[in-house]
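Thanks, everyone; I would like to use these few minutes for pockets and cysteines. Please have a look at the model before I start.

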Amino acid sequence: MMTSEPASVERLCVLFQNDDYIVVDKHWDIRIDSKMWYEKNTVQAQLRHRFPQLADSSTYYGFRFCHQLDFSTSGALCVALNKAAAGQAYRCFKERTVTKAYIALIRGWVEEETQTLDFSIGKNTSEGKTHMMCIEGTDGCENAKPCQTELTVLEYGLYDGDPVTKVLLQPLTGRTHQLRVHCSAVGHPIVGDFTYSSGADDAPFRMMLHAHLLHIPLDPHPLLVCAGDPFLPSVDPKWLPQRSLRPLKATVDALLEHRVEEQRRAKEQERERVRQKEKRRNQRRKQESEEQRKQCEEWLREWAGD
């Protein structure tokens, strides 16, 4: 269970492990890796400490991280233990068949219970903000690309006396800081997000964003991991739920079922597209063969006539 205690090299929560992958529950105040010699507290260091025999000397960090989580984001993080496994996971991420869902506490009470946040996101080139992203149309925003996030309200409550909403966020695209920027864009920034509150939201001990669900459709066995729920009064007494709209597990199960069904239909459509393409190719070949046969017969008749 995630706690309010700071991260340490010795404290690593492993959610899943086999010969190809390890999935850890990343702590909320630790980097995945770092090239800085003084940066000792990283997930890379935690893995080396716990699994020294699994570190691969042919890689820079010793372990192949399949995706990224921000320094202040906790939750499910997948690590590949060999090159082949990393390649298979990479293809799933590249083809956008991976399903991820995050739990977050966001400022204010969100009125619309389910909605799609659709804002293009680009790099912020304004002075002093080059480490940030921004939505298209704002000052300094460059190279904005389309981004979509599904938001589902789970609970309403208070955090340290202020109204907040507990939500499930499903990123349909994968831009840097996407969830943080999208929530901020609709006037409901994530609790404790120091960066996108211009430094104002500095009272909470962490940013309240957690990677809860990770589903990678690996072949032949998909990888499915859930990284608990750290936003409970037993973990942080400042969070006081008041009204629940839908249970987390049922919401995640429905999301995953819908996503898997979407992928099944997409595969069927792709198989049908390939079948139709092959059918048209065979028909062209048959037609070409028939034309060639007729041409040969015509040549033979001409030759016989000569």
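I will take the pockets first and then turn to the cysteines.

Please keep in mind throughout that this is a predicted model. The largest pocket has a volume of about 900 Å³, and among the 33 residues that line this pocket, those closest to its centre are Q68, K100, Y102, G174 and R175. If you want to place the lining on the fold, at least two residues each come from α2 (83–94), β5 (99–107), β11 (162–171) and α3 (178–185). Sorted by class, the lining of the largest pocket is made up of 13 nonpolar, 10 polar and 10 charged residues.

The second largest pocket holds about 330 Å³ of space, and its lining counts 14 residues, with C92, T97, P217, Q263 and K267 lying nearest the centre. Two elements, α2 and α4 (248–305), give two or more residues to that lining, and α4 gives the most, with 4 residues. Here the classes come to 5 nonpolar, 4 polar and 5 charged residues.

Now to the cysteines: how many disulfides does the model have? The count is 0, and for C13 the nearest cysteine sulfur, which belongs to C226, is 13 Å away. Why is C147 without a bond to C141? The closest cysteine sulfur to that of C147 is the one in C141, and because the two are 9.9 Å apart, they are too far from each other for a bond, given that a disulfide requires sulfur atoms within 2.5 Å. As for their surroundings, C147 is buried, at 0% relative accessibility, whereas C13 is partly exposed, with a relative accessible area of 34%.

Key
Residues numbered from 1 in each chain as written. Predicted model: local features only at pLDDT ≥ 70, side-chain atom pairs only at ≥ 80, totals over all residues. Heavy atoms only, no water. Buried < 20%, exposed > 50% of the residue type's maximum accessible area, 1.4 Å probe, protein only. 1 Å grid on protein atoms, 1.4 Å probe; cavity = no way out; pocket = protein on both sides within 12 Å on 5 of 7 lines; lining within 4 Å. Points joined across faces, edges and corners; volume = space filled by probe spheres on them. Nonpolar A, V, L, I, M, F, W, Y, C, P; charged D, E, K, R; others polar.
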